[in-house]
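Visitor: I would like to go through this model with you, one question at a time. Could you give the reasoning before each result?

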Amino acid sequence: MSHLLNPTQFRAEFPSLDGAVHLASCSQGALSSRLAYALQEIGHSLREEGAPWGTWMGQVERARERFARLIGAEPGEVAVLSCASEAAFQAASSLDWARRPGIVTTDLEFPSIAHVWLAQQQRGAQVRVVADSGEQVAAEAYEELIDESAGLVSVPLHTYRNGARLPVEDVVRLAHEQGARVFVDAYQGAGVTPIDVRRLGCDYLVSGSLKYLLGLPGIAFLYVRGGLEQQRAPELTGWFGRTQPFAFDPRLLDFPGDARRFETGTPPIPSAYAANAGFDLIERIDLHDVRRHVSELVDELAERLTAEGVKVASPAGARGPQVAIADDAPDRLAAALAERRIWTAPRGDLLRLSFHYYNDRSDVDAAVAAISSYRRS
Ligand SMILES: Cc1ncc(COP(=O)(O)O)c(C=O)c1O
């Protein structure tokens with residue numbers, strides 16, 4: 001398709017990459033011209049319209065529709081929220097732990113989500129955790145913990161720790177066989193891994209815009225499979241969780257019949273502008289091409305670092321968009337790379353180097369050279 005951008009054209013949309021090596025998309029995507037412009041647009045709306053609620057709501061609706069399209073869902077299946085934790089809470093608070101108390105999760109979950117599940121213990125939930133063995137998580141590890149008492153099974157699409165892809169489809173099948181619902185945190189994949197919620201079969205899926213979706217912090221999207229939303233109302237709400245937010249009736253708690261019922265107060269407007277700037281770019285690339293491009297760079301970096309004696313902690317059979325490396329002091333290594341304007345993302349005992357369509361082999365060369373020289377010094 002000729003209107004699609006190739007990696008060189010895509011990179012040109014990011015002047016911030018001139019003189020910098022951005023290997024931190026697992027934390028924050030690179031700054032594009034579109035994003036810089038979108039931030040000016042917010043100022044423009046305030047200057048020209050004063051209190052531009054109509055324009056702003058248009059941005060929120062547009063972002064909702066575009067996220068829905070990205071994952072193969074309907075706009076009415078997507079709630080616009082401010083962070084993934086809020087999305088996890090909304091899903092959990094509409095489940096009845098008295099009937100099915102089990103929550104099955106994994107050590108590979110981002111702590112934000114894991115903490116929401118743990119906090120549900122106050123409401124009667126019982127949390128069971130698939131351990132991080134350092135190897136690829138197999139569906140069997142989930143199977144051992146999923147039984148008919150499980151109400152919710154939570155599995156990240158890719159783990160934030162090392163980018164590995166988890167066996168979501170198998171976990172969904174096992175969970176559904178036992179009557180449990182499945183929550184997928186797709187934050188570490190959305191934007192570089194094609195996602196089709198109908199194929200995944202999950203009941204909930206969350207992502208936000210700041211990482212591979214090339215926006216900013218402050219906005220998250222919760223997909224709720226059509227039909228589920230009617231069952232129990234979430235415990236957190238606000239005027240945007242109403243059938244008619246602008247009806248202003250403090251006595252009327254009418255939850256909409258779609259995923260909007262999971263929304264709360266005033267939506268994150270500046271982040272919706274930023275999310276749309278990201279979608280402007282994401283919609284001009286084919287995510288299957290992106291996945292291929294990214295995995296070639298990931299494999300090359302992993303192999304070259306391994307050859308240098310670096311311990312690569314991203315499993316070869318299930319690598320996602322990042323190469324995590326084990327290091328005694330990842331923050332120090334990240335700071336040394338930052339001196340050369342190589343942006344990376346240390347977390348815990350790992351340093352993560354992550355790729356998008358704007359990265360190329362020169363970024364791999366730069367990372368290998370800088371890490372080798374750091375290790376020799
Ligand atoms: C997998 C994953 N989930 C969630 C988050 C963020 O959660 P929240 O939006 O609650 O801050 C991150 C990173 O910031 C992440 O890597």
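Visitor: Which cysteine sulfur is closest to the sulfur of Cys-202, and how far away is it?

Guide: This is a predicted model, and in it Cys-202 is buried, with a relative accessible area of 0%. A disulfide requires two cysteine sulfur atoms within 2.5 Å, and the closest cysteine sulfur is too far from that of Cys-202 for a bond, because it belongs to Cys-83 at a distance of 19 Å.

Visitor: Is Cys-83 buried, partly exposed or exposed, and which cysteine has the sulfur closest to its own?

Guide: The relative accessibility of Cys-83 is 33%, and since buried means under 20% and exposed means over 50%, Cys-83 counts as partly exposed. Its sulfur has no partner for a bond, because the closest cysteine sulfur is too far away, at 19 Å, in Cys-26.

Visitor: How many disulfides does the structure hold?

Guide: A disulfide is a covalent bond between the sulfur atoms of two cysteines. The sulfur of Cys-83 is too far from its closest cysteine sulfur for such a bond, and that of Cys-202 is likewise too far from its own closest one. For the structure, the number of disulfides is zero.

Visitor: Which classes of residue make up the shell around the ligand, and how many are there of each?

Guide: The residues around the ligand include Cys-83, Phe-110 and Tyr-160, along with Ser-112, Gln-188, Asp-185 and Lys-211. Sorted by class, the shell has two charged, three polar and five nonpolar residues.

Visitor: What percentage of the accessible area of the ligand does the protein cover?

Guide: The ligand occupies the largest pocket, where an oxygen atom of the ligand is 2.8 Å from a side-chain N or O atom of Ser-112. A polar side-chain atom of Asp-185 lies 2.6 Å from a ligand nitrogen, while one of Gln-188 lies 2.7 Å from a ligand oxygen. Of the 400 Å² of accessible area that the ligand has on its own, the protein covers 83%.

Note on methods: Residues are numbered from 1 along each chain as its sequence is written. This is a predicted model: local features need pLDDT of at least 70, side-chain atom pairs count only at pLDDT 80 or more; totals for chains, interfaces and linings use all residues. Side-chain values use heavy atoms; hydrogens and water are left out. A residue is near a molecule or strand if one of its heavy atoms lies within 4 Å of it. A polar contact is a pair of N or O atoms within 3.5 Å; within protein, one must be able to donate a hydrogen and the other to accept it, and residues adjacent in sequence count only if both atoms are side-chain atoms. Accessible areas come from the Shrake-Rupley method with a 1.4 Å probe; for residues, only the protein chains shown count as cover. On a 1 Å grid over the protein atoms alone, a cavity is a set of points where a 1.4 Å probe fits but cannot get out, and a pocket is an open set with protein on both sides within 12 Å along at least five of seven lines; lining residues have an atom within 4 Å of a point. A molecule sits in a cavity or pocket if more than half of its atoms lie within 2 Å of its grid points. Ala, Val, Leu, Ile, Met, Phe, Trp, Tyr, Cys and Pro count as nonpolar, Asp, Glu, Lys and Arg as charged, and the others, Gly among them, as polar. Buried means under 20% relative accessible area, exposed over 50%, partly exposed in between (1.4 Å probe, protein chains only).
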